[in-house]
Every structure is written in C-alpha cells, then in structure tokens.
Amino acid sequence: MTAILTPDERGRFSWGNGVVTMTFAASADSPVRMVDLRGRGMTGPDAASAGIASGDASDAVGQRDPRPIVEVCATATGANDNRLTIIDTVVGTKLRFVSATADGPGSTGGVHRLRIVQYADYDALRPGGRPMESVDPASARDAAAPVSTASGNPVRFANPADPADGLTVESVFEAYPGVSAVRAYTRLRSPRPFPVEAVSSLSLTLPMDVHGADVDSSAILWGDAAWAVENDWHRAALRDTAVRDRNQVINPGESSSSFALTSTSTWSTGVHEPAGIVEACAPADGDPGEPGDPATSHAAAPAPRFSIMWQIEHNGPWHWEVGENDPGLHVTAFGPEYRDHHWYTALGGGRDFTSVPVSFAITAGDWQQAVADMTLHRRALRRAKARELGRTAQFERTQGLVVYNDYMNTLFGDPRLDKELPLIGGAAKAGADVFCIDAGWYDSTDGGWWDMVGEWAPSTNRFGDAGLAGVARAVRDAGMGLGLWLEPEVIGVKSPLAAALPDDAFITRHGVRVCDSGRYLLDFRSPAAREHVTRTVDRLIADFDVVFFKFDYNTITGVGTDRDAESVGGGLLDHCRAYLDWLDDLRRRHPGVMIENCGSGAMRADYAQLSRLDLQSTSDQCDPLIYAAIAAGAGLTILPEQQGNWGYAQQEMDDETAVLTLASGVLGRLYLSGFIDRMDDARLALVRDAIALHRRVLAEQETLVPWWPAGLPDFNGDWLVAGLRPHTVAGCAGCGRGDAGDDGCGCGSSPVDAVGRDRSAGLVDSVDSAGSADAVSYVTVWRRAGADTIDLPLPEGRSMTQIFPDPSVPDHAPDAGVWSVDRVDDATVRLTVADASKPSARIFAVR
C-alpha cells in the first residue's frame with residue numbers, strides 16, 4: 001500500500017508507524033524541516049496518530065527554527081557558515097520539496113517506509129555567500145531564499161520539468177511495527193558532475209519547545225571504548241560538555257559549540273561507540289543549593305521530558321554531533337566525510353550515492369526508556385535481515401546455543417591435542433553445545449600464527465596423526481558442534497598467499513600494499529579476494545563440519561585505498577560495503593552456521609555487522625573484576641542475546657571469584673572458557689548451574705530489555721548493577737495504569753518522580769500488557785570494593801530472591817554465602833554481602 005502525502009495549507013504532513021510520529025514542514029522558499037517528533041509515551045495536542053501516514057498536521061505547534069532534514073556539503077558551494085562546515089550547508093538550504101510517499105509494511109517486507117524527495121537546480125547551487133549584514137545563520141538561510149508571497153494560498157512546491165538540471169535528494173525513513181524507532185538514510189542523484197564531501201544520514205531537530213524541554217537542564221550520554229576496556233558509558237549535563245551557553249539572546253543563531261565524536265578507519269567501536277543519547281529535560285525548579293549538599297542535591301533535578309538515542313550502522317568511519325541552535329538542539333550523523341575521513345564522491349554520469357544508515361529511538365522519560373526501544377529496534381533489524389537471507393529457522397535455533405572457547409585465560413592461541421582433548425571432555429560435561437578452537441589451529445611453525453596467516457590449512461604438528469579432523473571427530477563424539485577461529489580479512493606478510501594473490505586483492509595506497517603489524521588487508525571489492533575467502537570458508541565447513549566461526553579482526557586498513565577510487569575514503573566505504581555483501585552471501589549459502597563477530601575484543605561492534613551475525617565478543621579483558629564493568633555497560637551497545645561475555649571460571653579460583661566471572665555472562669550470552677577439565681565436582685556443578693540459569697534466561701531473553709536499577713554503571717565504581725526486565729509501558733509512574741496500546745499509556749506523564757529520579761529504573765517494571773504481575777525480572781549485582789551494602793529501589797509487594805549461586809545447593813560454592821535482602825522502607829531494599837573481605841557478585845530474580 002502506497003500513499004502520497006500532500007502537505008496541508010501550512011505545508012505540513014505527518015508520518016509514522018503508530019508509535020513514533022514525525023511531522024514535517026515544506027515550503028516553496030525553504031527546504032523540508034522536521035517540526036515535531038514523538039515517540040512512545042510522548043503526548044500533546046498535536047500528536048499524529050496515523051498508522052501509515054497523515055497529511056493533516058494543520059494544528060501542529062512545531063519546534064521553532066527547525067533545521068533542514070538533510071545536509072549535503074558540496075565542494076563548490078560549502079556551508080553558509082564557515083564554522084559549521086557540514087551542518088549548515090548551502091545545498092541543505094537550497095533544496096525544495098518535490099514529493100512524499102509512504103509505503104505500509106505489507107509492501108515493504110514488514111517495515112513502514114517514508115520517502116521525501118527534494119530538488120535544487122544547478123543555478124541555485126552556484127557558489128555564493130551569506131548576507132554579511134546578518135550574523136545569524138538561521139536568518140542568513142532565510143534571507144538567501146526567495147520570499148513567499150502566497151500567504152493564505154496553497155503552497156507551490158518544486159516540480160522540476162527536467163531533473164537533468166539539478167540535484168535530487170531523497171531522504172528515506174523506515175520504522176518497524178510496534179517500535180518507537182526509525183532508521184534513516186539519504187540518496188543523492190545528479191546527472192552532471194557534482195562533487196560532494198559530506199552527506200548526513202540523519203539530521204534531527206529535537207522537539208524541545210513542543211515538549212517543554214530546556215537545553216540548560218538536558219544531558220548527554222556517550223560511550224568510550226579501547227582494547228579490553230569497552231562499553232565505558234558516561235552521562236553529563238550538556239552545559240558541562242562542549243555545548244557551552246554563549247547567550248543566545250545577545251548572540252543569536254547557530255552555535256559552533258557542539259559535542260562531537262568521530263571514528264576513523266575500520267575499528268568502528270575502537271575509540272567511541274557509534275551511538276549516543278540525549279535526555280531532554282524540563283527546566284530545573286527550586287534552589288539548587290550548594291554543590292554536593294545531599295540535602296538539596298535532588299531538589300532541582302530536572303525531569304526528563306523525552307530521551308532520544310541514535311546509532312550509526314556502519315563498519316567503517318563515522319561522525320556524529322549534538323549542537324545548539326536558537327532555541328534548541330540538533331543531532332546530525334554521518335558515515336565517512338571528507339573533513340575527517342578523506343571521503344568524497346563525484347556524482348554524475350550515473351554515479352548515484354546512498355549514505356550509511358542511522359537509526360534513532362525516541363520515548364518519553366529517561367535514557368533507559370530510549371535504550372529499551374533501541375533494543376527492540378536492534379532485534380527487528382536482526383530478524384528482518386534473517387528473513388531477507390532466508391535463514392529464519394536457523395536464526396531461531398542458534399539463539400539458544402551455549403559456546404565454549406579455548407582461548408580466554410586458557411590456551412591463549414596455543415591449541416594442541418593433549419590440551420584440547422581434556423577440554424573437550426570438560427566442556428561436554430558442563431553442557432556446552434559448541435566447542436570452538438581459537439587461534440593457532442593452523443600454525444605449523446610454533447609461533448608464526450600472526451604473520452603467517454592466510455592459507456588457513458590445519459597445523460601439521462599440533463594434533464597428532466589424526467590431525468584437526470581427529471579433534472573435530474572428538475568434538476562431535478562428545479555431542480558438540482565444532483567451531484573455529486578465523487581472521488578472514490587478512491594475509492600475513494610471510495604467508496605463501498601474500499605472493500600468490502595479485503596486488504589488487506589487497507588494500508593499497510600510493511601503488512603499494514598497506515601493511516599493518518605484519519599483515520596485509522584484503523580488499524573485498526576484489527573478486528580474487530572474495531574468491532579466496534569464500535573458498536576457505538567453504539572448505540573448512542566441508543572438511544571439518546564446522547558449525548561455528550569466530551571471525552576476528554585485529555588489523556585495520558587505515559584511511560582507505562586509492563586504487564580504482566574517487567577518494568581513499570570512498571575506496572574504504574566501497575570495501576566495507578563489499579564485505580557486508582560477502583557476509584550476506586555466506587549466510588545465504590550456509591544458513592545454519594553460527595558466526596561470532598570479534599574485532600580485537602569489541603573494536604567493531606556495529607549494527608552493520610551485528611544485524612547479520614549471531615554473537616559479539618564484548619572484550620579480550622582477562623581480569624574478571626574489570627570485565628564486570630564491561631558486561632554491566634554492554635546493554636547500551638549490544639543486544640543481550642548477542643553479548644558474548646566471557647565466563648572463565650578456574651579450579652584455583654576461590655568460590656566468590658568463580659561466581660563473579662560466571663555471573664558476568666548469565667544475563668547476556670555466556671561465553672565459556674577456562675580449564676574446565678581441571679575442575680572438581682563442586683566447581684563443575686557451579687558452572688552447570690550457571691549454564692542452566694543462562695538457558696532459562698535465553699528462553700525469555702527476546703521479551704526482555706536491559707535496565708540499570710542503580711543508574712548508569714560507573715566503570716571504576718565499587719558497585720555495579722545491571723539487569724533484564726520485560727519491556728512494557730505499563731506501571732506508568734504518572735498514573736499507574738496498564739498498557740494502553742502501542743502508543744503508550746497516554747496519561748501525558750513522564751515516568752519520573754517528583755525529584756527527577758526515574759522510578760521505572762527501579763527493580764520493577766514487569767507488569768505485562770495484560771496487567772499481570774507474574775513476569776520475572778533479573779538483576780546482576782557486583783561488589784568490587786568499598787561498602788558492604790547497597791540500597792536499591794524495590795516497591796512494596798515485590799520480592800527479590802537470590803538465584804545464583806543457587807542457595808538450595810550451597811555445596812556448589814560453599815564459601816559464597818547468601819547475600820541478605822532487607823527492606824529499608826516501602827520503596828527500598830538493602831543488599832548486604834556475605835563476605836566483605838573480597839569482591840563478589842550475585843544474580844537475583846525480582847517478582
């Protein structure tokens with residue numbers, strides 16, 4: 001079903017999926033702008049309620065001075081403001097509305113889709129400058145456009161008689177049913193040569209005015225990452241970041257002060273996460289009191305009116321920023337661009353361009369609500385991709401498999417027959433479904449596995465006379481499937497394949513192969529490169545019946561390649577997309593094979609890949625105490641069912657440490673390792689208990705979303721708390737009513753209490769849509785140091801019960817006693833550790 005959206009007499013039209021609604025304004029003398037945006041639980045007098053689309057937005061109030069919905073930085077035209085080179089572009093202001101069409105999920109494979117087409121002729125895109133008498137970029141944009149004299153008459157929009165005379169820009173928005181999230185990307189087409197150096201995938205004006213939010217009270221969340229310290233998320237008031245208050249009254253217009261993060265090359269999550277959150281809050285009330293004064297610290301806490309989360313879904317470079325324009329905020333997100341990534345594209349001659357996708361989720365309330373809907377959106381992306389690739393049944397089957405891997409804190413890349421056979425027996429006794437042999441299975445030189453990789457032939461001296469095939473048989477005889485580690489995108493400089501493959505199979509610059517740490521990088525644009533990797537994977541599956549691959553990525557491409565490319569960044573983008581196409585082909589041909597995404601731990605944990613793959617390693621961190629922080633923050637970045645959190649219990653560990661490392665994996669995707677063969681009956685029973693609980697959680701996991709009862713985890717904090725709860729908008733803090741449908745409760749209240757603390761972030765939000773209180777929530781609590789107690793919110797009538805280690809079988813961890821749970825008041829419980837002399841962790845069920 002396709003609907004043509006006709007703007008009303010004010011030039012407005014709305015679109016949505018019944019949960020999220022976007023309202024746009026089109027004009028004959030300005031580009032399309034978004035004047036309102038609403039998600040789950042956000043209500044107001046002008047909320048659109050159409051299931052597919054609505055052209056009736058005539059009563060909308062709208063955000064003041066909304067930004068264009070797309071930015072295009074063309075080499076020949078640049079920006080209106082030389083301080084804002086990619087977020088206030090001339091092209092963005094010169095585009096004019098042509099059409100808007102909406103397709104329902106019945107015709108698009110299950111997704112609501114909106115296409116907005118805009119156009120600018122080449123004459124309008126000639127170089128020019130802003131009127132110098134204006135220092136206000138918003139006024140400059142208006143002054144640069146012709147003034148409409150058709151007040152009160154139907155608006156006349158662009159209707160290019162000859163599209164060959166200009167640039168056509170199509171903004172695409174997609175939303176899955178029942179999810180308060182949207183995926184966006186941009187398409188460019190120009191018949192004539194037209195060099196472009198940046199194009200936004202997402203350009204959002206946040207609806208601050210419409211929902212009573214204030215920049216001074218709002219906050220931003222972002223995630224930092226590095227090898228072995230991933231998922232380190234932070235929250236700060238916007239005014240405590242680079243978004244400084246420059247006094248918009250005295251200094252009106254767009255501010256060049258912004259909070260911006262950029263990632264280069266192909267470790268897409270190697271420095272920062274390609275995601276962020278803004279909590280748009282109401283103005284603070286009351287006397288803020290003295291800084292740090294507990295008596296007044298909550299008195300002026302602003303209430304979140306809404307929160308919005310975004311993620312860039314690209315396995316290469318990206319950039320996002322949050323900036324201030326009078327009178328509000330904008331979020332703009334890009335894939336690669338010229339300023340930071342040496343990317344440009346020369347449109348024309350049939351060379352069209354589509355940007356990388358960016359998704360956002362928006363809901364009433366605090367950041368945890370936005371994370372919940374982004375979780376639902378990520379699940380929808382995965383399921384849609386599985387359907388597209390024809391592997392839905394296999395996708396369902398692999399969701400519940402438990403994997404043992406011999407690497408972490410165990411063999412560390414030195415597999416040998418005498419080491420593997422005992423581990424195989426131990427993993428089978430513990431109840432693993434898959435046994436993965438990690439790095440080194442191909443090494444016949446006793447140490448050359450780093451710069452000799454590429455042939456992926458089994459070692460001739462590590463596995464005895466039976467070879468790797470004998471080990472594979474032992475795995476199958478033990479009732480498990482075989483997994484192998486593979487780094488498919490590299491060739492070691494000492495590998496025979498380095499000489500056998502042509503130069504054009506590799507990433508090159510300046511006429512030579514790019515070398516990084518003793519490896520060459522394959523260029524997946526090359527048929528020879530793809531043929532080599534395809535042949536390798538097919539051979540391993542055929543020869544050894546591999547059912548699981550751990551795809552690693554320890555070497556990166558740098559800025560890109562200049563071979564057969566308009567720019568080095570353009571060559572890199574094409575390579576990244578070719579790799580994703582190769583993954584799609586692999587999944588179609590081997591739908592039952594499970595694939596883990598590992599990039600030196602979690603250096604490439606983006607949803608370009610995670611929409612296609614089954615499991616994501618969350619780190620290479622060897623210290624279970626630090627790993628607890630990584631696991632606690634992982635839910636902001638990665639789906640729970642994809643979080644490969646290592647549980648590497650050892651016999652020599654004390655009970656508390658063994659419990660702690662296993663607890664880090666149970667609510668995610670428990671990724672077993674450790675010398676499991678050396679365990680006595682009690683320690684092995686503890687591991688089996690963890691697996692049994694994990695399988696119980698896996699059976700429910702797709703109905704659960706992450707949440708943090710004690711707030712955002714502090715990576716260096718003494719206590720960490722993270723859990724899973726059923727997703728529902730019932731139990732609204734504003735009215736206490738049950739779910740009123742996909743659009744939320746409808747009471748108009750944000751789920752926060754009087755002092756701005758998110759009540760839904762407590763240990764309860766498990767009332768399902770039928771009003772039942774029987775659903776179970778789970779929470780893991782780690783205590784690494786400090787006080788021996790922690791207070792957590794738990795409403796009266798709810799109970800909190802320790803479920804790991806299981807108190808009914810104390811002999812499985814006799815020195816890990818039961819933590820006490822004592823009610824402090826009607827809204828709070830206090831947890832007290834059993835032994836304050838050492839770090840510990842417990843998992844609880846909340847009913």
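The exercises below work through ring pairs, charges over rings, cysteines, a helix crossing and backbone details in a predicted model.

**Exercise 1. Classify the ring pair formed by W367 and W708, and state which parts of the chain the pair ties together.**

Step 1. A pair of aromatic rings is described by the distance of the centres and the angle of the planes. For W367 and W708 the centres are 5.3 Å apart and the angle between the planes is 35°.

Step 2. Planes under 30 degrees apart would count as stacked and planes over 60 as edge-to-face, so the pair of W367 and W708 is classified as tilted.

Step 3. W367 belongs to helix α4 (residues 367–388), while W708 is found in the loop between β35 (704–707) and β36 (719–726), so the pair ties together parts of the chain that lie 341 residues apart in sequence. Both W367 and W708 are buried.

**Exercise 2. Classify the pair of W646 and Y671 in the same way, and place its two residues in the secondary structure.**

Step 1. The ring centres of W646 and Y671 are 4.2 Å apart and their planes stand at 20°, so this pair is stacked.

Step 2. W646 lies in strand β33 (residues 643–647) and Y671 in strand β34 (residues 669–672), and the pair thereby links distant parts of the chain, 25 residues apart.

Step 3. As for accessibility, W646 and Y671 are both buried.

**Exercise 3. State how many aromatic pairs the model holds, which residues ring pairs link into a cluster with F524, and where charged ends lie over the rings of Y520 and Y553.**

Step 1. The count comes to 26 aromatic pairs.

Step 2. The cluster that ring pairs build with F524 also takes in F549, F551, Y579 and W582.

Step 3. Over the face of Y520 lies R513, at 5.2 Å from the ring centre, and over the ring of Y553 sits the charged end of R604, 3.7 Å from the centre of that ring.

**Exercise 4. Give the number of disulfides, and decide whether C515 and C622 are buried, partly exposed or exposed.**

Step 1. A disulfide requires two cysteine sulfur atoms within 2.5 Å, and by this rule the count is zero.

Step 2. The relative accessible area of C515 is 46%, and C515 is therefore partly exposed; C622, with a relative accessible area of 35%, is partly exposed as well.

**Exercise 5. Describe how helix α13 and helix α14 are arranged with respect to each other.**

Step 1. Two packed helices are described by the angle between their axes and the distance between the axes. The axes of α13 (residues 624–633) and α14 (residues 655–666) come within 9 Å and cross at roughly 25°.

Step 2. This angle makes α13 roughly parallel to α14, since angles under 35 degrees count as such.

Step 3. The crossing of α13 and α14 is left-handed.

**Exercise 6. Locate the cis peptide bond between F804 and P805, and describe the positive phi values of D65 and D564.**

Step 1. The cis peptide bond that joins F804 and P805 has an omega of about -5°, and P805 lies in the loop between β39 (800–804) and β40 (820–825).

Step 2. D65, a residue other than glycine, has a positive phi near 45°; D65 lies in the loop between β5 (53–54) and β6 (72–74) and is partly exposed, with a relative accessible area of 24%.

Step 3. D564, which is not a glycine either, has a positive phi of about 50°. D564 is found in the loop between β30 (546–551) and α11 (568–589), and at 65% relative accessibility D564 counts as exposed.

Definitions and conventions: Residues are numbered from 1 along each chain as its sequence is written. This is a predicted model: local features need pLDDT of at least 70, side-chain atom pairs count only at pLDDT 80 or more; totals for chains, interfaces and linings use all residues. Side-chain values use heavy atoms; hydrogens and water are left out. Rings of Phe, Tyr and Trp (its six-membered ring) pair if their centres lie within 6.5 Å; planes under 30 degrees apart count as stacked, over 60 as edge-to-face and the rest as tilted. Helices (H or I, at least four residues) and strands (E, at least two) are DSSP runs, numbered from the N terminus. Buried means under 20% relative accessible area, exposed over 50%, partly exposed in between (1.4 Å probe, protein chains only). A charge sits over a ring if NZ of Lys or CZ of Arg is within 6 Å of the ring centre and within 35 degrees of the ring normal. Axes are lines fitted to C-alpha atoms, for helices over the stretch in contact, and angles run from 0 to 180 degrees between N-to-C directions. Angles under 35 degrees count as roughly parallel, over 145 as roughly antiparallel, 65 to 115 as roughly perpendicular and the rest as oblique. A crossing is left-handed if the near helix is turned anticlockwise from the far one by less than a right angle, and right-handed if clockwise.
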